[in-house]
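Morning, everyone. Please bring the structure up on your screens, and we'll walk through it together.

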Amino acid sequence: MKALSINNLTKTYSNGFNALKGISLHVEQGDFFALLGPNGAGKSTTIGIITSLVTKSSGQVSVFGTDLDSAPEVAKSHIGLVPQEFNFNGFEQVKHILITQAGYYGMPAKVAEPRADELLLQLGLWEKRHTPARALSGGMKRRLMIARALVHKPQLLILDEPTAGVDIELRRSMWTFLQDINEQGTTIILTTHYLEEAENLCRNIAIIDKGKIIENTDMKSLLNRLDKETFILYLSEDLKPNFELKGISYKQIDDTTLEVEINRNEGLNHLFSLLNQQKINVSSMKNKANRLEELFLSLVEKSEATL
Amino acid sequence: MTSQISQRWVAFNTLLTREVRRFIRIWPQTLLPPAITMTLYFIIFGNLIGSRIGEMGGFSYMEYIAPGIIMMSVINNAYANVASSFYSAKFQSHIEELLVAPIPNVLILAGYVAGGTARGLCVGLIVTIVSLFFTSIEIQHLLVTISMVVLSAVMFALGGFINAIYARSFDEISIIPTFILTPMTYLGGVFYSISLLPEFWQNVSLLNPILYMVNAFRFGMLGVSDIAVEIAFAIILVCIAGLTSFALYLLNKGTGIRN
């Protein structure tokens with residue numbers, strides 16, 4: 001079953017800006033789906049339309065088979081949204097925010113209270129349950145937004161840059177939490193600027209640019225398309241003046257650092273045998289950029305070149 | 001179907017509770033000022049000036065103005081509550097909590113209007129208690145009194161909602177109360193009977209809906225009115241129907257809240 005189906009969605013704002021130019025997108029139930037794109041590409045507009053915060057110009061959206069226009073209440077009851085900006089009432093206490101949100105979804109207080117307590121514990125907000133939301137730290141506010149989106153047990157969770165401005169420790173704990181709820185059956189759609197996040201978490205991906213879907217596939221096939229990878233090699237000793245890597249495209253960054261571009265079909269063995277022959281020890285290495293990031297940039301560049 | 005009705009009831013009740021909790025939490029801004037202002041009205045207009053005016057409509061001036069002052073506080077507070085609460089929700093973006101939830105627009109409107117009505121009635125009760133320190137109140141027609149005060153609060157809560165939908169700054173939610181609502185209230189027969197005005201101004205006053213509310217409410221409390229109570233009810237019900245339709249039209253269109 002499709003968790004989300006979007007067909008020929010368009011949005012033209014009152015100033016004439018065409019934010020969406022007829023996009024179609026389908027997300028399977030249980031998927032962890034990445035919706036990526038540069039700033040202003042149309043991601044937030046798409047999410048806004050799915051969640052009824054933005055009025056579409058034309059097209060059709062259905063959530064778990066329910067059309068958003070003909071049965072908005074049923075369709076909306078399946079969705080939980082974690083928006084980009086903090087949008088709770090900062091004067092309300094943390095627990096009140098969750099119970100109130102649950103109430104909007106028709107959950108009576110006797111059901112909402114234990115559910116709120118459960119989420120507060122899971123997301124490390126229990127100690128702050130009686131604190132006004134404005135007094136929380138940035139990371140806690142992010143977790144509160146996730147708790148609020150989950151309080152009515154949505155089948156489809158939409159996260160619009162949930163880890164923006166969040167430190168790496170918290171980001172990783174949020175990844176684990178999201179993976180857990182996805183494994184429990186919640187379909188997740190994620191937009192993020194951290195492409196490492198999308199690569200680690202998501203199984204399928206769509207890339208949107210200038211209001212059009214320029215790529216929509218599974219993560220594995222997309223990454224397989226990467227024909228070159230760039231690695232940074234850290235050497236244990238200074239390079240000799242006559243150093244050379246025949247047949248390999250490389251750049252010497254400094255005396256102990258090399259940037260090497262490897263074709264996907266060549267692999268790394270040839271590189272390491274050349275280094276071995278010259279008795280050069282590599283102490284560590286890393287990808288120059290995240291693999292998805294390289295692909296993303298090349299796809300967006302291609303898309304811009306065709307426009 | 002039953003489940004849907006019960007879910008909607010929970011949603012409405014949640015919104016109403018949130019609104020009531022809000023105005024109680026900030027009681028020094030919402031409940032205390034009208035009590036102080038209306039006490040001053042009773043002291044200055046009722047006690048000091050009123051004693052020189054003498055009787056009006058067969059009652060002491062204090063007795064005569066008490067219903068108008070109560071009604072004035074009810075409509076001002078019903079309006080202000082919805083205007084400020086809904087605009088704040090827009091301003092802080094937490095209106096999105098409601099917009100993403102499966103709540104029909106009519107329930108969003110009903111929740112805010114019920115919240116505004118609750119504050120209007122709460123302040124009305126406080127001012128009524130204050131008025132008892134200055135005059136005795138004997139309600140002549142309980143049903144008329146209660147229904148008129150509730151309908152008036154509903155009508156002005158709807159007005160506050162529409163104001164908040166259009167408002168783009170906090171200034172814009174105070175313009176209407178300052179430049180329209182307050183003059184209409186003062187000219188709506190709170191402090192005088194329109195029979196004291198020249199005929200032309202009596203006719204002009206009949207265009208002011210607040211005149212009908214104040215007089216119908218005064219009829220309920222004292223048994224005297226400048227206008228027919230049936231007409232007052234008809235006008236207020238028509239106004240409520242018109243404002244409700246317009247507010248729902250704006251909500252359905254997404255004016256001021258949906259991009």
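Start with strands S9 and S10 of chain A. S9(A) covers residues 204-209 and S10(A) covers residues 212-218. They run antiparallel, joined by 6 bridges. For a landmark, take Ile207(A): opposite it in S10(A) stands Glu215(A). The two strands make a hairpin, with 2 residues between them. Look at Lys210(A) in that turn. Its phi is positive, about 50°. One caution before I go on: this is a predicted model.

Now the rest of chain A. How many helices and strands does chain A have? The count is 10 helices and 14 strands. The chain has 307 residues, and 39% of them count as buried. Its C-alpha trace spans about 75 × 45 × 35 Å along the principal axes. Next, contacts in chain A with a separation of 6 or more. Of those, 69% link residues 24 or more positions apart.

Two sheets next. One of them has 4 strands, ordered S2-S1-S4-S5 in chain A. It is open, and the pairing is antiparallel. Why do S2(A), residues 18-28, and S5(A), residues 66-67, each have one side without a neighbour in the sheet? They stand at the edges, and each has a single partner strand, so one side stays free of a sheet neighbour. Inside the sheet, S1(A), residues 2-12, is joined to S2(A) by 8 bridges, antiparallel. Lys11(A) has Leu20(A) of S2(A) as its bridge partner.

There is a helix over these strands. H1(A), residues 43-50, lies across S1, S2 and S4 of chain A, where S4 is 58-63. Against S1(A), H1(A) runs at about 115°.

The other sheet also comes from chain A. Its order is S12-S13-S11-S14, with 4 strands, open, with antiparallel pairing. At the edges are S12(A), 249-254, and S14(A), 282-287, each pairing on one side only. What is the average turn between neighbouring strands of this sheet, direction ignored? It is 25°. S11(A), residues 228-235, connects to S14(A) through 5 bridges, again antiparallel. The pair to find there is Phe231(A) opposite Asn287(A) in S14(A).

Now a parallel pair. S6(A) and S7(A), the latter residues 156-160, pair in the parallel sense over 4 bridges. Gly80(A) sits opposite Leu157(A) in S7(A). Which way do the residues of S6(A) point? Ile79(A) and Leu81(A) go one way, Gly80(A) and Val82(A) the other. All four are buried.

S6(A) also takes us to chain B. The contact between the chains takes 25 residues from chain A and 21 residues from chain B. On the chain A side, three elements each supply at least two residues: H2 (72-77), S6 (79-82) and H3 (94-104). Which of them gives the most? H3(A) does, with 4 residues. By class, that side of chain A has 10 nonpolar, 12 polar and 3 charged residues.

Last stop, helix packing in chain B. Two packed helices are described by the angle between their axes and the distance between the axes. So, angle and distance for two pairs.

Pair one is H4(B), residues 61-91, with H6(B), residues 105-131. Their axes come within 7 Å and cross at roughly 150°. The crossing is right-handed. The contact has 13 nonpolar, 11 polar and 1 charged residues.

Pair two is H7(B), residues 142-166, with H10(B), residues 209-222. Here the axes are 8 Å apart, and the angle is about 155°. That is why H7(B) and H10(B) are described as roughly antiparallel to each other. H7(B) passes H10(B) in a left-handed crossing. Who makes the contact? From H7(B), it is Val144(B), Thr145(B), Met148(B), Val149(B) and Ser152(B). From H10(B), it is Met213(B), Ala216(B), Phe217(B), Phe219(B), Gly220(B) and Met221(B). The contact residues divide into 8 nonpolar, 3 polar and no charged.

To recap the two crossings: H4(B) with H6(B) is right-handed, and H7(B) with H10(B) is left-handed. That's my slot. Thanks.

Terms used
Residues are numbered from 1 along each chain as its sequence is written. Chains are lettered from A and ligands numbered from 1 in the order in which they are written. This is a predicted model: local features need pLDDT of at least 70, side-chain atom pairs count only at pLDDT 80 or more; totals for chains, interfaces and linings use all residues. Axes are lines fitted to C-alpha atoms, for helices over the stretch in contact, and angles run from 0 to 180 degrees between N-to-C directions. A crossing is left-handed if the near helix is turned anticlockwise from the far one by less than a right angle, and right-handed if clockwise. Ala, Val, Leu, Ile, Met, Phe, Trp, Tyr, Cys and Pro count as nonpolar, Asp, Glu, Lys and Arg as charged, and the others, Gly among them, as polar. Two strands pair if DSSP finds at least two bridges between them. Two residues are in contact if their C-beta atoms, placed from the backbone, lie within 7 Å. Angles under 35 degrees count as roughly parallel, over 145 as roughly antiparallel, 65 to 115 as roughly perpendicular and the rest as oblique. A residue is buried if 20 or more other C-beta atoms lie within 10 Å of its own, exposed if 12 or fewer, and partly exposed in between; C-beta atoms are placed from the backbone.
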